[in-house]
Amino acid sequence: MWPGRDPTRRDFIAMSGVALGMSVAGCATGDDAAGETETPSGAAPGGTEATPEGTKAGRENELPTATAQERPLVHIPAHQDGMRMVGMTEVGPYMVAMSYTLLHDFWVLAGQEKSYVRINDGQGLHLMATVWDPEYNQRIPLGSPPVEVRDAASGDSVAEKSLWPMLSQQMGPHFGDNVAFPDEGEYTVQLSFDPVSARQLGEYRGRFTDSVDAEFDLLFRTDITNNIRERFVDEAGQAGALEPMETNMKPNGSLPGVRALPGDHGGIVEGGAAKFVVQVLRKAPAGIDSSGPYLAVSARTPYNQYPLPFMGLRATVSSAGEEVREPLKAAIHPELGYHYGAPFPAIAMGDEMTLEVGAPPQIARHRGYQTAFLEFDDMTLTLGEQ
Amino acid sequence: MTDGDRNLTRREALRAAVAVGGSAGLAACLNLESQPTETGEANRNTDRPDGTESAAELPNRQHAWNEFSRTDKHGNPVLARHHVLLLANYVGDGPVDDVDRKQAANAFRELEETYRWASDGLLFTVGYSPAYFDRYDEPLSESVDLPRPAALAPFEDPSFDTPDLLVHLASDRASAVLEAKQALFGELETANGSEVTETIDGIVELVDRRTGFIGPGLPAEHDDVDGVPDGAVPKDAPLFMGFKSGFVENQATENSVTITEGPFAGGTTQHLSLLRTELDQWYNQDSREQRVAKMFSATHAAEDLVEGVGDNLGDSSLVSETGVGDRVSDDAFEEGVVGHAQKLARARDENGDPRLLRRDFATVDDGRTGVHFLSLQESIADFIQTRSAMNGTDVANVGGVGTKNNNGILQYITTVRRGNYLLPPRSKRSFPRPS
């Protein structure tokens, strides 16, 4: 029924009777991607290992069954896990939450090239950092924050790396990676955040320009991780997404609803399973070197409305016979949240607009998103006609 | 690999001996080197090169190493395999007096007489920091661009090296770099069969000693340290990240990095940084194609231009030939990734040539993998400009690229230390006056 599934995982699921309020999708057991859960030999315990897509093994891992090939681009994963909050702290302009779940598999992208990161044997955690602005409650989905995990007693470094920017159905945009823990015990987790590279607009202008550090104490105990619930989802493989997790993190990662966005609504187009909400602000926000109109495109996942960062996006706008083609720059704004935008001095409702995607969103994907947001046809609309 | 296990073990031991240093390290090295080998490494007792007798035989440029080094089959100069960096302070206050200047000059000269000036003998440079020149009332000649070290990216926070001088010892023989250090500091009575009579003992104080290595096989033999997964580094990789570098077409020439005017004409500037590498994700999560895209360019990955560690590239990383240096922003937007070499291709001088002559090497100092990134350039401004191109700040918000995300190899390296030095011409190698 669950080919390739790790029997020890099934055993502890059977034993685990504790239901937790928080859960997160994506641990590698029992999904329809058979074979991905097999543990390769020779890899670091609790770590991860890549399988290049495009190799025979990679393709087999990804699409082993007819069912998988017919799967909707965004689909419900086969299982979900709980998560545990390590701590939450305000540093500089950020609120930073540190949490973890069971070791997860995921996919990292460089261009169109996807690399499948499998779970290896051994004990460890999938560490997750979630970052937002506590004033306007917008998640900051950008960055590759360096993390160092140390044994609290000895000070020995257990792991040092940059966390991947990632997207998961229940955690939304976060920074994460798998970390092997050699022993049970207390650890310190030190995180550093670089200045935000995206344009900072409106009240956000100049706000996220300093590097900040955050530190957490983490207790690693297998009896805790063993109680992180895993359940299999009956709707696995169907179109949809697991709900954003209810946590004590104030924003759940979803972008503001269409009606809450500032400016005139130009319409919504879809491509690559993503939604692109088009807004025209009559006056460019502070931080844009223009007093004319500003085109903002809010690229988001279906269902949970999560932002899709690290994408090449270009708009061509035809107004009164004149065509202007501009790349849209990633930006953060208190009301728009994360979006792509550029000033278009002559843009007006009724104009024809085409959106082209260059690089697909270069954010690591948890299960349910691994086949989505990769290939996009050009998208056109007439502003304001929807 | 043609090396047998026994020989790999021997090479590992030689590298370890350099890291250990001291008389124990040297003794271990000499013992290992006197054993017969299959790889042609010379036997100390029969063909260890003798020193250079006449100072006139040697170039006035301290950095003129290439003609005294091996070249590979593609014509790329091959950097010596073993390296020691000695950071030291002059023991006196204020300017260096002439007696000490003469003593050091004699010590450096005696090193040349002890070993043949060649990568299979000993090559070395002596450089001086801005802090050293602060000892003098008069300023450093304006013909030299030598600022104090500084952070060179918004995402780095390095410590700064400010010793008076930096001695860089290089040799294919582990024993030579070890023994030369001990000879220089008066810890030996004989070196390479010659009596040690001139030393810098008593006039300088060693503040740090760093070691490293470069060459096919050496990194793979030292993957038992933090920062790299065991067994992940390709067996024939010269550096920990698994690819060749230092292609002659992508290096500045010794000529072009030479200061041409003023009292230090014939000299050059030297930047030394310590970069820590964290390669778990690099080897365990990125695919080979992704590694090629991040190290070279998306074009290199898509067109499969790099085989293995990149020996097939010959004498060029192909960043010019493919034109990828002109497509950094376009690739960030369309491909979602820009390559390290691709970004560096933009840092060319007015003639379109690279600004840096890299002489960097790998290290496992303190039990962690890293790179002693040592480069020579006419001015430190050349280094800053090249590093700026590598930072890719201009594409940190273009398309799929972030501050570090898919921005070359920035995600995997951390700058820990930086220092700047002047390598005066050989005639002014000993405690130069500032003008």
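In chain B, helix 4 and helix 6 make a right-handed crossing, and that is a good place to begin exploring. This model is predicted: local features need pLDDT of at least 70, side-chain atom pairs count only at pLDDT 80 or more, and totals for chains, interfaces and linings use all residues. Residues are numbered from 1 along each chain as its sequence is written, while chains are lettered from A and ligands numbered from 1 in the order in which they are written.

**Exercise 1. Two helices packed on helix 6**

Find helix 4 and helix 6 of chain B and describe how they pack.

Step 1: Locate helix 4 at residues 98-114 of chain B. Helices (H or I, at least four residues) and strands (E, at least two) are DSSP runs, numbered from the N terminus.

Step 2: Look at the geometry. The axes of helix 4 and helix 6 of chain B lie 10 Å apart, at an angle of about 145°. Axes are lines fitted to C-alpha atoms, for helices over the stretch in contact, and angles run from 0 to 180 degrees between N-to-C directions. A crossing is right-handed if the near helix is turned clockwise from the far one by less than a right angle, and left-handed if anticlockwise.

Step 3: Pick out the partners. A107(B), L111(B) and T114(B) of helix 4 meet A180(B), A183(B) and L184(B) of helix 6. Two residues are in contact if their C-beta atoms, placed from the backbone, lie within 7 Å.

Step 4: Sort them by class. This contact of helix 4 with helix 6 of chain B has five nonpolar residues, one polar and no charged. Ala, Val, Leu, Ile, Met, Phe, Trp, Tyr, Cys and Pro count as nonpolar, Asp, Glu, Lys and Arg as charged, and the others, Gly among them, as polar.

Now turn to helix 2 of chain B: is its crossing with helix 6 of chain B left-handed or right-handed?

Step 1: Helix 2 spans residues 22-33 and helix 6 spans residues 174-184 of chain B; their axes come within 9 Å and cross at roughly 145°.

Step 2: The crossing of helix 2 and helix 6 of chain B is left-handed.

Step 3: From helix 2 come G25(B), L26(B), C29(B), L30(B) and E33(B), which meet A174(B), S175(B), L178(B), E179(B) and Q182(B) of helix 6. By class, there are five nonpolar, three polar and two charged residues in this contact.

**Exercise 2. A helix and its cover**

Follow helix 13 of chain B from end to end, and list its buried residues.

Step 1: Helix 13 (residues 380-391) has twelve residues, and the distance from its first C-alpha to its last is 16 Å, close to the 16 Å expected at 1.5 Å a residue. That expected span is 1.5 Å times one less than the number of residues.

Step 2: Its buried residues are I380(B), D382(B), F383(B), T386(B), R387(B), A389(B), M390(B) and N391(B). A residue is buried if 20 or more other C-beta atoms, placed from the backbone, lie within 10 Å of its own, exposed if 12 or fewer, and partly exposed in between.

Step 3: The cover over these buried residues includes strand 8 (268-277), helix 12 (340-344), strand 11 (370-377) and strand 12 (413-423) of chain B.

Step 4: After helix 13 of chain B comes G392(B), with a positive phi near 60°.

**Exercise 3. Three residues in one loop**

Which of the words buried, partly exposed or exposed fits D304(B), L318(B) and D311(B)?

Step 1: D304(B) sits in the loop between helix 10 (298-302) and helix 11 (328-334) of chain B. D304(B) is exposed because it has 9 C-beta neighbours inside 10 Å. Its phi is positive, about 55°, although it is not a glycine.

Step 2: L318(B) lies in the loop between helix 10 and helix 11 of chain B. L318(B) has 23 other C-beta atoms within 10 Å, so it is buried. L318(B) also has a positive phi, near 70°.

Step 3: D311(B) is found in the loop between helix 10 and helix 11 of chain B. With 17 C-beta neighbours inside 10 Å, D311(B) counts as partly exposed.

**Exercise 4. Where the chains meet**

How many residues does each chain give to the contact of chain A with chain B?

Step 1: Chain A gives 38 residues and chain B gives 34 residues.

Step 2: On the side of chain A, the residues divide into 17 nonpolar, 14 polar and seven charged.

Step 3: Zoom in on E160(A), in strand 11 (residues 157-162) of chain A. Not counting residues up to four places away in sequence, E160(A) touches E148(A) and E278(B).
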